[in-house]
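Please walk through the structure shown here, taking its charged pairs, its helices and its nonpolar core in turn.

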Amino acid sequence: MAAGRLPPGALTLKQFLRRQQVLQLYRKILRAIREVPAEQDRRYLKDWAREEFRRNKDATEEDAIRMMITQGNMQLQELQKTLKLAKS
């Protein structure tokens, strides 16, 4: 294989790094959901998170992906704040 050529289906460095960002966000959301006291709420939130990520898994536009990551981080912060308030 010649230098600078990627095999078909390989991710560029930018795509790889963005993918890592998305996976990290998904893991953080799932970890936060584990702290929800009610089982039914935990199940609902986990299903919601899975569906959101599944629905957007084929997104390729860089701006849209960045916007979704930003939205996801805001929702994660909101969940963490709510959990913190519930514990106090």
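**Salt bridges between and within helices**

Glu-62 and Arg-18 form a salt bridge in which the closest N and O atoms are 2.5 Å apart. Glu-62 belongs to helix H3 and Arg-18 to helix H1, so this pair ties together parts that are 44 residues apart in sequence. The model is a predicted one. The two partners fall into separate accessibility classes: Arg-18 is buried, because its relative accessible area is 17% and the cut-off for buried is under 20%. Glu-62, at 23% relative accessibility, counts as partly exposed.

Glu-62 also has a partner within its own helix. Its side chain meets that of Arg-66 in a salt bridge with an N to O distance of 3.9 Å. Glu-62 and Arg-66 are four residues apart in helix H3, which means that about one helical turn separates them. An α-helix has 3.6 residues a turn, so residues three or four places apart point the same way. Arg-66 is partly exposed, with a relative accessible area of 39%. These contacts are part of a wider arrangement, since a network of salt bridges links Arg-18, Glu-62, Asp-63 and Arg-66.

In the whole structure, a search finds seven salt bridges. One of them joins the side chains of Arg-43 and Glu-39, at 3.4 Å from N to O. Both residues lie in helix H2, four residues apart, or about one turn of the helix. Arg-43 is partly exposed at 48% relative accessibility, and Glu-39 is partly exposed too, with a relative accessible area of 41%. Helix H2 also contains Asp-41, which counts as partly exposed at 43% relative accessibility. Asp-41 and Leu-85 are separated by 44 residues in sequence, while their C-alpha atoms are 16 Å apart in space.

The next element to follow is helix H3. Does its length agree or disagree with what 26 residues should span at 1.5 Å a residue? The expected span is 38 Å and the end C-alpha atoms of H3 are 38 Å apart, so the two agree. The buried residues of H3 are Ile-65, Ile-69, Gly-72, Leu-76, Leu-79 and Leu-83. These buried residues pack against H1 and against helix H2, which covers residues 39–55.

Which residues make up the largest nonpolar core? This core has nine residues: Leu-25, Ile-29, Ala-32, Ile-33, Val-36, Ala-49, Leu-76, Leu-79 and Leu-83. At least two of them come from helix H1 (13–34), and at least two from helix H3 (62–87). H1 gives the most to the core, with four residues. In soluble globular proteins, nonpolar side chains tend to be buried together.

Leu-25, a member of this core, shows what surrounds one such position. Apart from neighbours within four places in sequence, Leu-25 is in contact with Phe-53, Ile-69, Gly-72, Asn-73 and Leu-76. Among these contacts, Ile-69, Gly-72 and Leu-76 are listed with the buried residues of H3.

Finally, the UniProt record, an unreviewed entry, places the feature "domain: Complex 1 LYR protein" at residues 20–78. In the model, that span is 83% helix and 0% strand. The C-alpha atoms at the ends of residues 20–78 lie 22 Å apart.

Note on methods. Residues are numbered from 1 along each chain as its sequence is written. This is a predicted model: local features need pLDDT of at least 70, side-chain atom pairs count only at pLDDT 80 or more; totals for chains, interfaces and linings use all residues. Side-chain values use heavy atoms; hydrogens and water are left out. UniProt positions are given in the numbering used here, feature names are shortened, and annotations may be inferred rather than shown by experiment. A nonpolar core is a set of buried Ala, Val, Leu, Ile, Met, Phe, Trp, Tyr and Cys residues joined through side-chain atoms within 4.5 Å. Buried means under 20% relative accessible area, exposed over 50%, partly exposed in between (1.4 Å probe, protein chains only). Contact means heavy atoms within 4.5 Å. The expected span of a helix is 1.5 Å times one less than its number of residues. A salt bridge is a side-chain nitrogen of Lys or Arg within 4 Å of a carboxyl oxygen of Asp or Glu.
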